[in-house]
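Good morning, colleagues. I would ask you to keep the sequence and the structure in view while I speak.

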Amino acid sequence: PCTLDEIFGRTIIVPDAKRPVRIVPGLAQRLIGKPDVMRGEETQIAGAVGGLGGGRHVVCMPGTHSKWVEIDDGTVTRFTSWMTGELFNVFASHSILVHAVGDAAKSVSVSDPAFADGLQLGLDEPDRVTSLTFGIRAATLLHGLQPKDAAARLSGLLVGAEIAAARSRYLGDGRDVVLVASGGLRAVYEMARQQAGLAVKIVDADEAVRAGLVRAARVNGMLPEGA
């Protein structure tokens, strides 16, 4: 466990820079069997939870490697990474699903009913995600599933499986989720949380980064009083 200000208090000064420059360290989880790392997300977390007050929060930061983080009164107590975005790219570009998805992976739409179908499958049966993934290829052969629908179903399936697993691990007591996202990912995870029935507080990812960097600068005395 580590407080956010402790992380910011361990910045490394860049020597010989023309102006003060510091590098914020990442965060390591050294549990045997559950090792994990984050590099950069800690700044986003600080900006996201800074306006929420004390208490316990669960933060979701979707992306290539989605992070789910538990915060208790400003202390990061545990976190988990899901390779959801990277797995989508691997399946769509380097697996048998290349033949099912094609170029449609570049423009997945959450309004496609196939996304909602895949999402529900992932939420309901996260333990069958690899079997259900192959089912997308089979559906192109047997049911005429089109590339845009195959890509949407694959995206929904992987996101649904992530949320189902994270819900089991982090949300057993019914806590809200602080969703830190913007752009297309925000639309994807907003729809996913609605379908999963999760209560969510949304924080813009870009604003969270800026707020976190300001907090880091304050901890290190790099901003004048009142700035």
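**Helix, core and loop: a walk through the model**

I begin with A211, whose place is in helix α9, residues 205–219. Please bear in mind throughout that this is a predicted model. Is A211 buried, exposed or partly exposed? Its relative accessible area is 34%, so A211 is partly exposed. A211 also has a partner that is remote in sequence: A46 lies 165 residues away along the chain, yet the two C-alpha atoms are 7.5 Å apart in space.

Let me now step back to the whole chain. The protein chain has 227 residues, and 42% of them are buried. Its secondary structure comprises 9 helices and 10 strands. Along the principal axes, the C-alpha atoms occupy a box of roughly 65 × 40 × 35 Å. The accessible surface is about 11,900 Å², and carbon and sulfur atoms account for 54% of that area.

The pair of A211 and A46 leads to a question about contacts in general. Of the contacts between residues at least 6 apart in sequence, what share joins residues at least 24 apart? The share is 64%.

As to charge, the chain carries 24 positive and 25 negative charges. The mean positions of these two sets are 3 Å apart.

I turn next to the interior. In soluble globular proteins, nonpolar side chains tend to be buried together. In the present model, the largest nonpolar core has 23 residues. Those touching the most other members are W68, V159, I163, L171, V177, Y189 and L198. Which elements give two or more residues to this core? They are strand β6 (56–61), helix α5 (113–124), helix α7 (147–170), strand β9 (177–181) and helix α8 (183–196). Helix α7 gives the most, with 5 residues.

There is also a second, separate core, which has 22 residues. Its members include C2, L4, L27 and V180.

Within the largest core, I163 deserves a closer look. I163 lies in helix α7, and its relative accessibility is 2%, so it counts as buried. Which residues does I163 touch, once those up to four places away in sequence are set aside? They are W68, L123, Y189, A192, A196 and L198. Of these, W68, Y189 and L198 are named, like I163 itself, among the core residues that touch the most other members. A further spatial relation concerns W82: it stands 81 residues from I163 along the chain, and their C-alpha atoms are separated by 9.6 Å.

Helix α7 also holds a charged residue that merits attention, D149. D149 has a relative accessible area of 18%, which falls under the 20% cut-off, and therefore D149 is classed as buried. Apart from residues up to four places away in sequence, D149 touches D112 and A114.

A polar residue comes next. T84 lies in helix α3, residues 84–94. Is T84 buried or exposed? With a relative accessible area of 8%, T84 is buried. Beyond its neighbours within four places in sequence, T84 is in contact with T64, S66, L158, V159, E162 and Y189. Two of these partners, V159 and Y189, appear in the list of well-connected members of the largest core.

I move now to the cysteines. C2 has 13% relative accessibility and therefore counts as buried. C60, at 2% relative accessibility, counts as buried as well. How many disulfides does the structure hold? The number is 0.

Finally, I come to the backbone. Most residues other than glycine have a negative phi, and most peptide bonds are trans. Against that background, two aspartates call for comment. D16 is not a glycine, yet it has a positive phi of about 65°. D16 is found in the loop between β2 (12–13) and β3 (22–23), and its relative accessible area of 80% makes it exposed. D73 likewise has a positive phi, near 50°. Where is D73 found? It sits in the loop between β7 (66–72) and β8 (75–82). At a relative accessible area of 55%, D73 is exposed.

To close, I return to three aspartates of this predicted model. D149 is buried in terms of its relative accessible area, whereas D16 is exposed and D73 is exposed. Thank you for your attention.

How values were computed
Residues are numbered from 1 along each chain as its sequence is written. This is a predicted model: local features need pLDDT of at least 70, side-chain atom pairs count only at pLDDT 80 or more; totals for chains, interfaces and linings use all residues. Side-chain values use heavy atoms; hydrogens and water are left out. Helices (H or I, at least four residues) and strands (E, at least two) are DSSP runs, numbered from the N terminus. Buried means under 20% relative accessible area, exposed over 50%, partly exposed in between (1.4 Å probe, protein chains only). Contact means heavy atoms within 4.5 Å. Accessible areas come from the Shrake-Rupley method with a 1.4 Å probe; for residues, only the protein chains shown count as cover. Lys and Arg count as positive and Asp and Glu as negative; His and the chain ends are not counted. The place of a charge is taken as NZ of Lys, CZ of Arg, CG of Asp or CD of Glu. A disulfide is a pair of cysteine sulfur atoms within 2.5 Å. A nonpolar core is a set of buried Ala, Val, Leu, Ile, Met, Phe, Trp, Tyr and Cys residues joined through side-chain atoms within 4.5 Å.
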